[in-house]
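I am opening these notes to keep track of what I look up, one topic at a time. The entries follow the order in which I turned to each topic.

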Amino acid sequence: MTMMAQEEAARFLVGGVNSPVRAYKQVGGEPVILARGRGAEVADAAGRTYVDFLMGWGALILGHQAPPVIRALRQQLRHSTILGLTHPAEVELARLIAEAVPSVEQVRFTASGTEACLTAVKLARACTGRDAVILFDGGYHGHVELPARVIRVPFNDVDALEAALKQDGASVACVMVEPVPANTGVLVPQADFLARLRRLTSACGALLVFDEVVTGFRLGPAGAQGRFAVAPDLTVFGKIIGGGLPIGAVGGPRRLMRRLAPEGEVYHAGTFAGHPLSMVAGAAVLRALKARPPYQALERRSAALARGLDAAARRAGVPVQVNRVGSMLTMFFSERPVRCAADARATDRARFARWAAGLRREGVLVPPSACEAFFVSSAHAPRHLERMVQATERVLRRGPS
Ligand SMILES: *Cc1c(COP(=O)(O)O)cnc(C)c1O
């Protein structure tokens, strides 16, 4: 990236960006402007290459320019970008999701994960006739202000949830949760946490909504709900199911989904809802995941990466906590385990910033925030992971400078 490009960006875009974290304010330094990507690597506007662990904030499980996605997009571009009525690929992508995720019978597509989360909450309120929503501290469900009373409780704290439900249970429409939080940095749900959420919500008549925008098709074909064997009432999808194009979706049983217009009274519509390019790209990814499931290999490689980072930090004498579920990881700079958002906020974020800046100089890109996940894709070969481990050791050994 050149200084010129950055000045130009700041002139015409607010803060030089279209999404705040890209401004690099949390880690300092000039924002990276990325021009292209292939496999596990990206290049900035000046042609400098990096091993990429952002992976489109988790959207790219097959890496950049995955051949099935590029083929599907080329073919669709010969027919149209947008047609304005229902396209066959909308049905195909919905079928692929419903076949992979047992709690889903029907799907409604949106243009973003934010919009899908909002739609899921509106749907839960209509289905229950109740108003309030329980969320977890640090959980991210897009940038919308929810049209409801919001109660927040700490992740991994069943007692706090139980207390909130005891007090307000009769007015709670839904509990919405990232089953494996990514937007606080990865938090590992403690044994039974999700199962107890399921029991508590069922007991008080509230819906359980899993925000699987990150975890859907990342932690396995049936997402976090498959991995932890807990079925929510409604699921929100995004990121991976769009194959790298904008998307969101709400899925659930027909009995709940039919409350959406045109069958029911919950209005949702969108010019770009079910956009043909997103649909064909998403369907290409889901077909590829089904034909050749990458999950065991991702698990193995991600576990090796986590061990490697932990060992590198230990050798450098720097206390870290590598939190990992499947191919979602966060390296927290902390002596204590990180189990909730408050723990994550208490980690050494200045040290994270130095690590991220050091990695960047070494040609390795991680999200520019201490409280985000980084991702391994099926395009990451062992050499990419080794590069990150070795760069980490060099950077941490150098110490504060
Ligand atoms: C990214 C994300 C969203 C929002 O999706 P957008 O497409 O960015 O609007 C919602 N929930 C979670 C868990 C996310 O990671």
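How far from an oxygen atom of the ligand does a backbone N or O atom of Gly113 lie? I looked this up in the model, which is a predicted one, and found a distance of 2.8 Å between the backbone N or O atom of Gly113 and that ligand oxygen.

I then turned to side chains, and noted that a polar side-chain atom of Thr114 lies 2.6 Å from an oxygen atom of the ligand, while an N or O atom in the side chain of Asp211 is 2.7 Å from a ligand nitrogen atom. I also looked up how much of the ligand is covered, and the protein takes up 83% of the 380 Å² of accessible area that the ligand has on its own.

For the surroundings, I listed the residues around the ligand, among them Ser112, Tyr140, His141, Glu178, Asn183 and Lys239, together with Gly113, Thr114 and Asp211. Sorted by class, this shell holds 3 nonpolar, 6 polar and 3 charged residues.

My next entry concerns two helices. I found that the axes of helix 3 (residues 67-77) and helix 10 (residues 276-291) come within 8 Å and cross at roughly 150 degrees, and that the crossing is right-handed. On the side of helix 3 the contact includes Val69, Ala72 and Leu73, and on the side of helix 10 it includes Leu277, Val280 and Ala284. The residues of this contact divide into 12 nonpolar, 1 polar and no charged.

Last, I checked the backbone. Most peptide bonds are trans, and most residues other than glycine have a negative phi. Against that background I noted that the peptide bond from Ala261 to Pro262 is cis, with omega near 10 degrees, and that Pro262 sits in the loop between helix 9 (254-257) and helix 10. I also noted Trp57, which is not a glycine yet has a positive phi of about 55 degrees, and which I located in helix 2 (residues 55-58).

Notes:
Residues numbered from 1 in each chain as written. Predicted model: local features only at pLDDT ≥ 70, side-chain atom pairs only at ≥ 80, totals over all residues. Heavy atoms only, no water. Near = heavy atom within 4 Å. Polar contact = N/O pair within 3.5 Å; in protein donor to acceptor, adjacent residues only side chain to side chain. Areas by Shrake-Rupley, 256 points an atom, 1.4 Å probe, with all protein chains shown as cover. Nonpolar A, V, L, I, M, F, W, Y, C, P; charged D, E, K, R; others polar. Axes fitted to C-alpha atoms, helices over the stretch in contact; angles between N-to-C directions. Helix = DSSP H or I, 4+ residues; strand = E, 2+ residues; numbered from the N terminus. Left-handed = near helix turned anticlockwise from the far one by under 90°. Contact = heavy atoms within 4.5 Å.
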